Amino acid sequence: MADSGDSVALDVETIYLGGKEFHVETGHGSVSVIVYGDQDKPALITYPDLALNHMSCFQGLFFFPEAASLLLHNFCIYHISPPGHELGAAAICPDDPLSSVEDLADQILEILNFFGLDAVMCMGVTAGAYILSLFAMKYSERVLGLILVSPLCKAPSWTEWFYNKLMGNLLYFYGMCGVLKDCLLKRYFSKEARGSEEVPESDIVEACQRLLDERQCMNVLRFLEALNERPDISDRLKKLRCRTLIFVGDESPFHDEALHMISKLDSRFSALVEVQACGSMVTEEQPHAMLIPLEYFLMGYGFLRPSQFTGSPRSPLSPSCISPELLSPESMGLKLKPIKTRVSLDV
């Protein structure tokens with residue numbers, strides 16, 4: 001447990017540039033893991049959404065000073081990339097067997113064993129949230145808690161299945177073309193962030209587009225095909241005993257899926273935070289909305305922020321605008337109740 005009196009010298013330049021990359025050989029291929037921080041601290045692992053890696057999926061959260069201080073003060077961060085999604089990745093050999101979502105979950109166990117990690121905190125976005133949820137079901141003793149952003153838990157609907165097939169064909173025949181990037185940006189961001197003829201797209205969307213250009217299309221296609229064959233894990237969610245905090249943007253195409261997931265989780269151990277005017281990738285679009293719920297969630301494990309950041313001056317959330325249920329003794333100890341927290345842009 002971290003001591004709240006300790007100080008952390010937060011240097012944004014070193015949060016990502018100071019990490020070390022490891023290539024972990026698993027039974028289902030090599031996986032890139034970027035490690036930041038003191039490896040003697042408890043571990044927090046991350047897993048991004050389709051066609052993303054840690055730079056395009058978690059940079060906004062870890063560049064937000066108060067959130068970065070909370071996480072880096074308490075954890076060593078292990079950013080896991082889906083196979084072939086890391087920066088500078090080579091194309092995966094087309095003759096290599098296609099990994100299923102079960103295989104990807106099993107890879108995480110091999111990664112933890114490689115680093116000698118026991119139980120870890122997990123943070124995933126959409127597809128990554130599904131993989132980590134599946135991992136938590138299969139290896140419950142290795143998971144302290146789940147922080148899920150716009151998660152998936154059901155098998156693809158016919159609409160999603162067809163849409164994924166369309167994206168797969170675009171990847172196969174045209175690569176990372178403009179139409180495909182538009183499809184992915186709609187998956188990640190709200191309409192406001194994507195802009196219009198009158199309003200330019202936001203900086204985070206522009207940065208994401210540039211990073212998408214660096215992806216190996218066939219590697220992305222392999223991950224997409226695995227996701228399109230994923231099974232429904234809804235009925236197994238009740239068996240999860242780790243505490244779970246779910247964030248979802250109210251403009252996310254997976255908003256209803258997140259509501260379905262929270263309804264299936266044990267209400268004694270789960271909580272929901274809805275963020276207004278936000279798409280799926282809350283970590284990039286509105287990372288400040290995650291700060292206070294994260295802080296209280298982690299407080300239940302004894303993790304605290306350094307004292308110089310306790311005022312949370314940049315967060316639009318304050319205890320007065322969070323449901324009292326999240327601040328209850330139960331939520332900071334053994335239980336979290338299902339709640340809906342909305343972030344107003346007027347704050």
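**Exercise 1. Work out whether Ala193 is buried or exposed, and describe its surroundings.**

Step 1: Ala193 has a relative accessible area of 8%. Buried means under 20% relative accessible area, exposed means over 50%, and partly exposed lies in between (1.4 Å probe, protein chains only). Ala193 is therefore buried.

Step 2: Find its element. Ala193 sits in helix H9. Helices (H or I, at least four residues) and strands (E, at least two) are DSSP runs, numbered from the N terminus.

Step 3: List its neighbours. Leaving out residues up to four places away in sequence, Ala193 touches Glu201, Ser202, Val205 and Glu285. A contact here means heavy atoms within 4.5 Å.

Step 4: Compare sequence and space. Ala193 and Glu206 are 13 residues apart in sequence, and their C-alpha atoms are 9.8 Å apart.

A word on the model before you go on: it is predicted, so local features need pLDDT of at least 70 and side-chain atom pairs count only at pLDDT 80 or more, while totals for chains, interfaces and linings use all residues. Residues are numbered from 1 along each chain as its sequence is written, and side-chain values use heavy atoms, with hydrogens and water left out.

**Exercise 2. Name the buried residues of helix H8 and find what covers them.**

Step 1: Helix H8 spans residues 178-188, and its buried residues are Leu180, Lys181, Cys183, Leu184, Leu185, Arg187 and Tyr188.

Step 2: Look around them. The cover includes helices H6 (127-138), H7 (158-174), H9 (191-194), H10 (203-212), H11 (217-228) and H13 (282-285).

**Exercise 3. Explain why helix H14 counts as largely enclosed, then link it to Arg243.**

Step 1: Helix H14 covers residues 291-299, and eight of its nine residues are buried, so the rest of the structure largely encloses it.

Step 2: Name them. The buried residues of H14 are Leu291, Ile292, Pro293, Leu294, Glu295, Tyr296, Phe297 and Leu298.

Step 3: Turn to Arg243, which belongs to strand S7 (residues 243-249). Arg243 counts as buried because its relative accessibility is 6%.

Step 4: Join the two. A polar atom of the Arg243 side chain lies 3.2 Å from the backbone oxygen of Phe297.

**Exercise 4. Decide how many disulfides there are, and say why Cys122 and Cys208 form none.**

Step 1: Start with the idea. A disulfide is a covalent bond between the sulfur atoms of two cysteines. The rule used here asks for a pair of cysteine sulfur atoms within 2.5 Å.

Step 2: Check Cys122. The closest cysteine sulfur to its own is in Cys242, 7.6 Å away, which is too far for a bond. Cys122 is buried, with a relative accessible area of 0%.

Step 3: Check Cys208. Its closest cysteine sulfur, in Cys57, is 8.7 Å away, again too far for a bond. Cys208 is buried too, at 3% relative accessible area.

Step 4: By this rule the count is zero disulfides.

**Exercise 5. Find how much of the chain is buried, and what its contacts join.**

Step 1: The chain has 347 residues, and buried ones make up 58% of them.

Step 2: Count the elements. There are 15 helices and eight strands.

Step 3: Take the contacts between residues at least 6 apart in sequence: 80% of them join residues at least 24 apart.

Conventions: Polar contact = N/O pair within 3.5 Å; in protein donor to acceptor, adjacent residues only side chain to side chain.
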